[in-house]
Structure formats: structure tokens, C-alpha cells
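Dear colleague,

Please find below the structure that I am handing over to you. I would be grateful if you could read the notes after it with the coordinates open.

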Amino acid sequence: MDINTLLDHITAALGAIKAPRFYETERGFQGELLAELKKAVPVDFLPGKAIIEQEYQKQFESHGLKIRPDIIVHEPFDEDRHSSRRDGNIAVVEIKLAASQRQAAGDFESLIRMIELLNYPLAIFINIASEVTHSDLVPARWRERIVCFAVRLRDGEPHVRRSDGRSKLPIS
């Protein structure tokens with residue numbers, strides 16, 4: 001699976017969210033983004049048994065952290081297929097409503113912890129109702145693995161900005 005193509009699908013899903021109501025709360029936007037991702041990502045695009053889902057279950061005993069991301073792209077853990085919960089993870093997503101620099105920095109710390117502990121090759125920060133990606137706050141060491149988006153409505157149309165330091169290499 002090509003991560004750059006996944007990012008293109010995410011960009012398309014973000015660009016399809018047009019109702020102003022969804023730009024008022026993180027939870028509302030998250031639900032609509034999940035719906036749009038289901039439309040934007042082809043059924044056969046994700047590897048194996050990977051799915052896109054709202055995260056609701058990170059537990060310290062199983063995962064080594066209590067951080068609960070907004071959306072994850074992964075293969076649900078299966079003892080028969082995975083040696084640990086670090087296997088099968090693809091992307092982790094944090095959503096913030098009009099994030100301040102401090103809030104964005106906090107989300108970047110959380111994303112880095114999830115990359116380190118759960119081996120996500122990609123982390124995504126989405127700043128809604130804003131044109132600021134805050135990508136300049138991502139520590140240099142992590143810029144290849146953290147992609148930042150900002151999306152807001154302008155004259156009723158979604159405007160998506162993407163900032164990242166990724167090379168164009170596929171990650172499997």
C-alpha cells in the first residue's frame with residue numbers, strides 16, 4: 001500500500017466535508033470524516049484485513065498508553081496473525097478544532113508516543129476550521145512520519161492545506 005495514495009484519499013475526504021455544522025466540533029467532524037473516508041478509500045486499497053475506524057479502546061495494560069486517537073487505520077489485533085499490538089498499524093489520526101500552538105504541540109507529542117509504542121508508520125494531525133497546519137511545530141526528527149492538514153470552509157467550499165516533510169516513498 002502506498003502511503004502517498006492514502007494521503008490523497010484523505011485529502012479528497014477532507015475536501016468533501018461541506019456542511020458548516022461539521023466545522024463546529026471535533027466529534028461531529030470526526031464522524032463525517034469517517035463517512036467520507038469510506039467513500040474515498042477504495043475497498044481493495046487497504047492491505048489484508050485493515051480497516052479505518054474510530055478509536056475507542058486504548059488501554060494501558062494492552063497498549064502501553066492511555067492516549068486515545070480520533071481515527072486509526074489498522075488491522076485489528078488478532079493473536080493468530082500478529083505477534084504484538086505493534087503489528088498491522090498503518091496510520092493514526094488526531095483532530096483538533098482551531099488548534100492553538102500549544103494544543104497542536106500536545107497532539108504532536110501524543111502522535112509521537114503512538115508512533116513509538118505502537119509502530120504506526122504514519123501519523124496525521126488535522127486542524128479543522130483553520131488554515132494553519134502547525135507543521136512547523138513537528139520536531140524535525142518526526143517530519144517524515146507526521147503529516148499535517150488544515151481544513152476550513154471558505155465561501156461554502158472546503159479548503160484543504162497539507163504540509164509534510166515526507167519523501168515520496170511507499171510504506172508497506
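The notes below cover the nonpolar cores, two buried strand residues and the first helix.

Please bear in mind that this is a predicted model.

**Nonpolar cores**

The largest nonpolar core holds 31 residues, and the members that touch the most others are Phe 29, Leu 33, Ile 124 and Ile 126. Two or more residues each come from the helices α1 (3-15) and α2 (26-40) and from the strands β2 (71-74), β3 (89-97), β4 (122-128) and β5 (146-154). The greatest contribution is that of α1, with 6 residues. Separate from this core is a second one of 17 residues, which includes Phe 108, Ile 112, Ile 115 and Ile 146.

Ile 126 illustrates how the elements meet. Setting aside residues up to four places away in sequence, Ile 126 touches Leu 14, Phe 29 and Leu 33, together with Val 93, Glu 94, Ile 95 and Lys 96, and also Phe 149 and Val 151.

**Val 93 and Asn 127**

Val 93 is found in strand β3. Its relative accessibility is 6%, and because buried means under 20%, Val 93 counts as buried. Beyond its neighbours within four places in sequence, Val 93 is in contact with Pro 69, Asp 70, Ile 71, Ile 124 and Ile 126. Its C-alpha atom is separated by 9.8 Å from that of Cys 148, although the two residues are 55 residues apart along the chain.

Asn 127, in strand β4, has a relative accessible area of 0% and is therefore buried. Where does its side chain reach? The partner is the backbone oxygen of Val 132, at 2.7 Å. Not counting residues up to four places away in sequence, Asn 127 touches a set of residues that includes Lys 96, Leu 97, Ala 98 and Ala 99, as well as His 134, Phe 149, Ala 150 and Val 151.

**Helix α1**

The length of α1 can be checked directly: at 1.5 Å a residue, its 13 residues should span 18 Å, and the end C-alpha atoms are 18 Å apart, so the two values agree. At the N-terminal end, Asp 2 acts as a cap, with a side-chain oxygen 3.4 Å from the backbone nitrogen of Asn 4.

Within α1, the buried residues are Ile 3, Asn 4, Leu 6, Leu 7, His 9, Ile 10, Ala 13 and Leu 14. An α-helix has 3.6 residues a turn, so residues three or four places apart point the same way. The buried residues of α1 pack against α2, β3, β4, β5 and β6 (157-163).

With kind regards

Technical notes
Residues numbered from 1 in each chain as written. Predicted model: local features only at pLDDT ≥ 70, side-chain atom pairs only at ≥ 80, totals over all residues. Heavy atoms only, no water. Core = buried A, V, L, I, M, F, W, Y, C linked by side-chain atoms within 4.5 Å. Buried < 20%, exposed > 50% of the residue type's maximum accessible area, 1.4 Å probe, protein only. Helix = DSSP H or I, 4+ residues; strand = E, 2+ residues; numbered from the N terminus. Contact = heavy atoms within 4.5 Å. Polar contact = N/O pair within 3.5 Å; in protein donor to acceptor, adjacent residues only side chain to side chain. Expected span 1.5 Å × (residues − 1).
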